[in-house]
Amino acid sequence: MKNKRLIIILLSIVFVMLIPLIAMQFTHQVNWNILDFAIMGILLFGTGIACEIILRQTKNILFRLILCGVYLLTLLLVWAELAVGIFGTMLS
């Protein structure tokens, strides 16, 4: 089950990364370059592996949910910051 879950995580990352790649073929509103794909891939892979480690190491279901939820919330906040700068940071 452990390796099956890891394969599902990796395939999910590939599927999520295909969404902007396909959208770029149909609209100019999605304009990612290779760096955008690399950063998002690292963020998704890191979050997926962190949740996998949490699932393997902890036995308490509530603790698993809380820790994975914190990692997912962090992923969403970093993603939103990189996308639109919700915290007001400006990268020149």
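Which residues make a nonpolar surface patch of about 500 Å²? Here are some notes on that and on the rest of the chain, starting with the patch itself.

1. **The surface patch.** Val 14, Leu 18, Leu 21, Ile 22 and Phe 26 make this nonpolar patch. Please keep in mind that the model is predicted. Val 14, one of the patch members, sits in helix 1, which covers residues 2–26. Its relative accessible area of 47% puts Val 14 in the partly exposed class, because that class lies between 20% and 50%.

2. **Overall fold.** You will find three helices and zero strands here, so the pattern along the sequence reads α-α-α by the usual assignment of helices and strands. The C-alpha trace spans about 45 × 30 × 15 Å along its principal axes. The radius of gyration is 15 Å, whereas a compact globule of 92 residues would have one near 12 Å.

3. **Burial and surface.** Of the 92 residues, 20% count as buried. The accessible surface of the chain is about 7,200 Å², and carbon and sulfur atoms account for 74% of that area. Taking the contacts between residues at least 6 apart in sequence, 50% of them join residues at least 24 apart.

4. **The nonpolar core.** The largest nonpolar core has seven residues: Ile 9, Ile 13, Met 17, Phe 37, Met 40, Leu 44 and Leu 75. At least two residues of this core come from helix 1, and at least two from helix 2. Ile 13 is a handy residue to click on: leaving out residues up to four places away in sequence, Ile 13 touches Leu 44 and Phe 45.

5. **Thr 47.** This residue belongs to helix 2, which runs over residues 34–57. With a relative accessible area of 10%, Thr 47 is buried, because the cut-off for that class is under 20%. Beyond its neighbours within four places in sequence, Thr 47 is in contact with Tyr 71, Leu 72 and Leu 75; Leu 75 is also a member of the largest nonpolar core. A C-alpha to C-alpha distance of 8.9 Å separates Thr 47 from Thr 74, and the two are 27 residues apart in sequence.

6. **Ile 39, for contrast.** Ile 39 also has its place in helix 2, but Ile 39 counts as partly exposed at 34% relative accessibility. Ile 39 and Ile 61 are 22 residues apart in sequence, and their C-alpha atoms are 30 Å apart in space.

7. **Salt bridges.** How many salt bridges does a search of the whole structure find? There are two. In one, the side chains of Glu 52 and Arg 5 meet at 2.9 Å, N to O. Glu 52 lies in helix 2 and Arg 5 in helix 1, so this pair ties together parts that are 47 residues apart in sequence. In the other, Glu 52 pairs with Arg 56, with the closest N and O atoms 2.6 Å apart. Glu 52 and Arg 56 are separated by about one helical turn because they are four residues apart in helix 2. Through shared partners, the salt bridges join Arg 5, Glu 52 and Arg 56 into one network.

8. **Exposure within that network.** Is Glu 52 buried or exposed? Glu 52 is buried, at 3% relative accessibility. Its two arginine partners are another matter: Arg 5 is partly exposed at 21% relative accessibility, and Arg 56 is partly exposed too, with a relative accessible area of 30%.

Notes
Residues are numbered from 1 along each chain as its sequence is written. This is a predicted model: local features need pLDDT of at least 70, side-chain atom pairs count only at pLDDT 80 or more; totals for chains, interfaces and linings use all residues. Side-chain values use heavy atoms; hydrogens and water are left out. The radius of gyration is taken over C-alpha atoms; the globule rule is 2.2 Å times the number of residues to the power 0.38. Buried means under 20% relative accessible area, exposed over 50%, partly exposed in between (1.4 Å probe, protein chains only). Contact means heavy atoms within 4.5 Å. Accessible areas come from the Shrake-Rupley method with a 1.4 Å probe; for residues, only the protein chains shown count as cover. Patches are made of residues with over 30% relative accessible area and no salt bridge: like charges are joined within 9 Å, nonpolar side chains (Val, Leu, Ile, Met, Phe, Trp, Tyr) within 5 Å. A salt bridge is a side-chain nitrogen of Lys or Arg within 4 Å of a carboxyl oxygen of Asp or Glu. A nonpolar core is a set of buried Ala, Val, Leu, Ile, Met, Phe, Trp, Tyr and Cys residues joined through side-chain atoms within 4.5 Å.
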